[in-house]
Amino acid sequence: MTESDIPRAPGLLPDAIHRAAKPGTVLLRLETTHSREGDLDGAWWPRSRDNGAELPGLIHVLTGHLGPITRVGLDATAWDGLPTRLVIDDQVVHIDSFPVGDDTVLITRGDQDHFSLLVVPPHTTPDTARAAMARAVRADNITHAAQILIDTGTHEAGASSA
């Protein structure tokens, strides 16, 4: 059975994609189960801390998989100039500053449906980022984002090259 023969629920990404990404590509993994019992719903590896460059691509991709995104919650101290809203694909997306830590982004779909994504530091090495992202999307993951970054050495990798 090939990967294309495996049935998938609409709007969910394959569990493991390990292809090289072109510059400007959003590097994102989402949990592939409907249970959403883990601590995180996915992981995002932005290329920089410039939200004007990073958020539109993330929101565009998430909208394609999850439906319209209404809010994004970020830690303002971790990003360069946080606006209060962005217009992406003719949709207004409100940007909230939360003290969630620079290791997490909160995504709101509709009025009350929240998704929590691990944010891998931009300067993390590809192997370390893949390890952190894979751990974040495990259905049985109960580890908080900050601890995943510590356990995989991702936190140090991001901090040391910044």
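This is a short talk on how one protein chain is arranged, going from its overall pattern to its sheet, its helices and a few of its side chains. Please keep in mind throughout that we are looking at a predicted model.

Let me start with the chain as a whole, which has four helices and seven strands. If you read along the sequence, these elements follow the pattern β-β-α-β-β-β-β-β-α-α-α. Of the 162 residues in the chain, 40% count as buried, and among contacts between residues at least 6 apart in sequence, 59% join residues that are at least 24 apart.

Now to the sheet. The seven strands form an open sheet in the order β1-β2-β7-β6-β3-β5-β4, and the pairing within it is mixed. At the edges we find β1, residues 28–30, and β4, residues 85–88, each of which pairs on one side only. From one strand to the next, the twist averages 25°. As a general reminder, the strands of a sheet pair through backbone hydrogen bonds, and they may do so in a parallel or an antiparallel way.

Let us walk through part of that order, beginning at β1. This strand runs antiparallel to β2, residues 42–44, and three bridges join the two; Leu-30, for instance, has Gly-42 in β2 as its bridge partner. Next, β2 is joined to β7 by three bridges as well, but here the strands run parallel, and Trp-44 stands opposite Val-119 in β7. On we go from β7 to β6, where six bridges join strands that run antiparallel, with Leu-106 opposite Ser-116 of β7. These two strands make a hairpin with three residues between them, and in that hairpin Gly-110 takes a positive phi near 70°. How much of β7 is covered? Five of its seven residues are buried, so to speak of it as mostly covered is fair.

Helices come next. Helix α1, residues 51–66, lies across β1, β2, β3, β4, β5, β6 and β7, and runs at about 135° to β3. Helix α2, residues 126–136, packs on the sheet too, touching β1, β2 and β7, and its direction makes about 155° with that of β2.

I would like to return to Trp-44, which we met opposite Val-119. A search of the whole structure finds one aromatic pair, formed by Trp-44 and Trp-79, which are stacked at 5.6 Å centre to centre with 5° between the planes. Why does this pair tie together separate parts of the chain? The reason is that Trp-44 lies in strand β2 whereas Trp-79 lies in the loop between β3 and β4, and these parts are 35 residues apart in sequence. Both Trp-44 and Trp-79 are buried, and Arg-49 lies over the face of Trp-79, at 5.1 Å from the ring centre.

My last stop is Thr-154, which lies in helix α4, residues 154–160. Is this residue buried or exposed? Thr-154 is buried, because its relative accessible area is 0%, and the cut-off for buried is under 20%. Leaving aside neighbours within four places in sequence, Thr-154 is in contact with Val-120, Pro-121, Thr-124, Thr-128, Ala-132 and Leu-149. The side chain of Thr-154 is also joined to that of Thr-152 by a polar contact of 2.5 Å.

Note on methods
Residues are numbered from 1 along each chain as its sequence is written. This is a predicted model: local features need pLDDT of at least 70, side-chain atom pairs count only at pLDDT 80 or more; totals for chains, interfaces and linings use all residues. Side-chain values use heavy atoms; hydrogens and water are left out. Two strands pair if DSSP finds at least two bridges between them. Axes are lines fitted to C-alpha atoms, for helices over the stretch in contact, and angles run from 0 to 180 degrees between N-to-C directions. Contact means heavy atoms within 4.5 Å. Buried means under 20% relative accessible area, exposed over 50%, partly exposed in between (1.4 Å probe, protein chains only). A polar contact is a pair of N or O atoms within 3.5 Å; within protein, one must be able to donate a hydrogen and the other to accept it, and residues adjacent in sequence count only if both atoms are side-chain atoms. Rings of Phe, Tyr and Trp (its six-membered ring) pair if their centres lie within 6.5 Å; planes under 30 degrees apart count as stacked, over 60 as edge-to-face and the rest as tilted. A charge sits over a ring if NZ of Lys or CZ of Arg is within 6 Å of the ring centre and within 35 degrees of the ring normal.
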